[in-house]
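Student: I am new to this structure, and I would like to learn how its features are read. Could we go through them one by one?

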Amino acid sequence: MEGIPHPIPRTVEEVFSDFKGRRSGLIKALTNDVEKFYQQCDPEKENLCLYGLPNETWEVNLPVEEVPPELPEPALGINFARDGMQEKDWLSLVAVHSDSWLLAVAFYFGARFGFGKSERFRKRLFQMINDLPTIFEVVTGSVVKQSKEQSATQNNSGKSKSSGKQSRQSESQPKGVKMSSPPKDEDESGEEEEEDDEQGATCGACGDNYGADEFWICCDVCERWFHGKCVKITPAKAEHIKQYKCPGCSSKRARV
């Protein structure tokens, strides 16, 4: 229930501004003001709803009596589930319903003021909303996890690109990086067998399993795979190797 009247948004920008204000208020309720929010959601009271307001505030209140309501209503009776589950699970549940309510309100305004007449407006509004983390992601900490994963992916992108480039070269050239076994009678299943060998390979030097984000090279004599770093072979150096022999095979040949 919103006691204070707010300007009705009529453009994409105004609807998005309304969305952001309500979202900020809901996030405050479920994070910074969580103790106050928890206390207000008394299971002994009647059905309560959590409202986010356009001015970045929030309130817990009874649903509006008007039927149908002027705006879509948030989840009803959130206070009844408070003591029946762990607090973090309850907050996550409220967060999910709050996300759904925000979308309902935003697209209610869109439908009311003619956004439906142009698909471009709907796509634009959804894209603007979709660029923000959901309340659920903020409350559960998923945003932090995703940012860390993206950072790790970016840090490893150089290695992955290098590995991918060398892998593609190995398909077109029998020499260099990730070389196949010594020339034998080739058949149609040769490439598939090589892929399977790579996936199940372990480094002949350190014993670690094959990793797609690392540079590997295969010995043409014993057909074992090695990390480039373990045998001191770089992708650039491998470009000029016609037939690679691992340190073990090289020493055996030397003794003979």
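Tutor: Let us begin with the nonpolar core, a set of buried Ala, Val, Leu, Ile, Met, Phe, Trp, Tyr and Cys residues joined through side-chain atoms within 4.5 Å, where buried means under 20% relative accessible area with a 1.4 Å probe, protein chains only. The largest one here has 32 residues, and those with the most contacts inside it are Leu 30, Phe 37, Leu 50, Val 60, Val 94 and Ile 135. Helix α3 (87-112) gives the most to this core, with 9 residues; helices are DSSP runs of H or I, at least four residues, and strands are runs of E, at least two, numbered from the N terminus.

Student: What kind of model is this, and how are residues numbered?

Tutor: This is a predicted model, in which local features need pLDDT of at least 70 and side-chain atom pairs count only at pLDDT 80 or more, while totals for chains, interfaces and linings use all residues. Residues are numbered from 1 along each chain as its sequence is written, and side-chain values use heavy atoms, with hydrogens and water left out.

Student: Which side chains of strand β2 are buried?

Tutor: Along β2 (residues 58-61) the side chains alternate, with Trp 58 and Val 60 buried on one face, whereas Glu 59 and Asn 61 point to the other and are not buried. Strand β1 (residues 49-52) pairs with β2 in the antiparallel sense over 4 bridges, pairing requiring at least two DSSP bridges between the strands, and Gly 52 has Trp 58 as its bridge partner.

Technical notes. Buried means under 20% relative accessible area, exposed over 50%, partly exposed in between (1.4 Å probe, protein chains only).
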